[in-house]
Amino acid sequence: MLQNKKLFLFDIDGTIAVGDTLYEGSADLLAYIEQIGGKAYFITNNSTKSGADYVAKFTEKFQLKTTEDLFITSGYMTIQFLKENFMGKKIFVLGTKSFIAELKKNNLTVTEQPETDIDCILVGYDSELTYEKLTKTCQVLSTTDAPFYATNPDLCCPIDFGFIPDCGAICEMLTSSTGKKPVYLGKPSKKVCDVCMELSGFSSDETLVVGDRLYTDIACGINAGVETCVVYTGEATPEEVAVSPYKPNYTFDTIKDLYHALITG
Ligand SMILES: [Mg+2]
């Protein structure tokens with residue numbers, strides 16, 4: 001039940017905020033969580049921003065005080081995974097310059113060239129994508145058996161006029177051409193929830209995932225065996241929930257409605 005929840009894992013875009021605007025009720029809900037001795041993490045598949053970028057954005061745009069460790073991004077999940085499994089190995093990367101710099105900063109060995117001794121292939125959201133990069137990635141996928149990973153399966157990313165292709169859409173192009181499918185490291189991997197439970201010490205019964213996208217946010221909670229809550233301020237609609245295999249435990253129109261349900265019991 002909702003009143004037992006202490007650990008709240010929030011998606012950001014479409015859930016607690018849109019762009020630079022914090023939704024009404026988000027600040028109250030975060031204050032409530034602090035008051036009951038709980039903890040809130042922000043789990044986002046947006047790998048273009050670091051924890052430090054988010055702390056700055058939350059302070060400047062939302063007037064919310066946070067710390068870097070509260071942001072578990074798909075970029076963070078990817079780096080942890082690669083450090084555990086591919087340290088000292090050669091990683092072929094399709095991604096932005098800043099993403100590649102972040103991987104190098106973590107002492108990982110990366111290349112953007114289709115060399116013959118590639119140990120794994122990694123694809124991230126790439127706003128600097130070119131046909132040349134796609135061709136090189138297809139070459140590595142077609143000529144090696146190296147495992148194929150990607151940061152996040154989101155097909156589209158919200159922008160002021162609508163949507164643009166995200167990492168999942170780039171991977172669909174690669175899969176259509178090579179037949180190879182990636183393993184995604186961000187949501188809906190259960191590891192995202194596991195990391196937050198480990199860091200905070202709260203149990204799965206005490207945890208709630210709150211999001212607006214069924215195949216990433218809600219699926220992530222279901223995969224980890226924790227309860228989930230959808231809000232209808234982003235992508236998902238009641239019609240979509242009715243036919244989706246990813247059914248949330250709780251549904252609210254807005255984050256403010258979730259807050260009211262929590263305080264009124
Ligand atoms: Mg979202």
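This report walks through a predicted model of one protein chain, from its overall build down to a single residue.

## The whole chain

Let's start with the big picture. The chain contains 10 helices and 15 strands. Measured out along its principal axes, the C-alpha trace covers about 60 × 40 × 35 Å. A compact globule of 265 residues would have a radius of gyration near 18 Å, and this chain comes in at 19 Å, which agrees.

How much of the chain is tucked away? Of its 265 residues, 41% count as buried. The chain also brings together parts that sit well apart in sequence: looking at contacts with a separation of 6 or more, 66% are between residues 24 or more positions apart.

## Two domains

The domain assignment splits the chain into domain 1, made of 2–45 + 187–264, and domain 2, which covers 75–184. Notice that domain 1 is written as two stretches of sequence. The C-alpha centres of the two domains lie 27 Å apart.

Where the domains touch, domain 1 supplies 9 residues and domain 2 supplies 7 residues. What sort of residues does domain 1 bring to that contact? On its side there are 1 nonpolar, 5 polar and 3 charged.

## An open parallel sheet

Now zoom in on a sheet. Here 5 strands line up in the order 7-6-8-9-12, forming an open sheet with parallel pairing. At the edges are strand 7 (109–111) and strand 12 (183–184), each of which pairs on one side only. As a bit of background, strands of a sheet pair through backbone hydrogen bonds, either parallel or antiparallel.

Take strand 7 and its partner, strand 6 (residues 90–94): they pair in the parallel sense over 3 bridges. One residue pair to look for is I91 and V110, since V110 in strand 7 is the bridge partner of I91. Elsewhere on the sheet, helix 6 (residues 167–178) lies across strand 8 (120–123) and strand 9 (148–150), and its direction makes an angle of about 130° with strand 8.

## A closer look at L108

Finally, pick out L108, which sits in the loop between helix 4 (97–105) and strand 7. Is L108 buried or exposed? It counts as buried, because it has 21 C-beta neighbours inside 10 Å and the cut-off is 20 or more.

Which residues does L108 touch, leaving aside its neighbours within four places in sequence? L108 is in contact with L82, F86, M87, I91 and L103. You've already met I91, the bridge partner of V110. K83 is 25 residues away from L108 along the chain, yet their C-alpha atoms are separated by 7.1 Å.

How values were computed: Residues numbered from 1 in each chain as written. Predicted model: local features only at pLDDT ≥ 70, side-chain atom pairs only at ≥ 80, totals over all residues. Pairing = 2+ DSSP bridges. Helix = DSSP H or I, 4+ residues; strand = E, 2+ residues; numbered from the N terminus. Contact = placed C-beta atoms within 7 Å. Axes fitted to C-alpha atoms, helices over the stretch in contact; angles between N-to-C directions. Domains from an automatic or database assignment. Nonpolar A, V, L, I, M, F, W, Y, C, P; charged D, E, K, R; others polar. Rg over C-alpha atoms; globule rule 2.2 N^0.38 Å. Buried ≥ 20, exposed ≤ 12 C-beta atoms within 10 Å, placed from the backbone.
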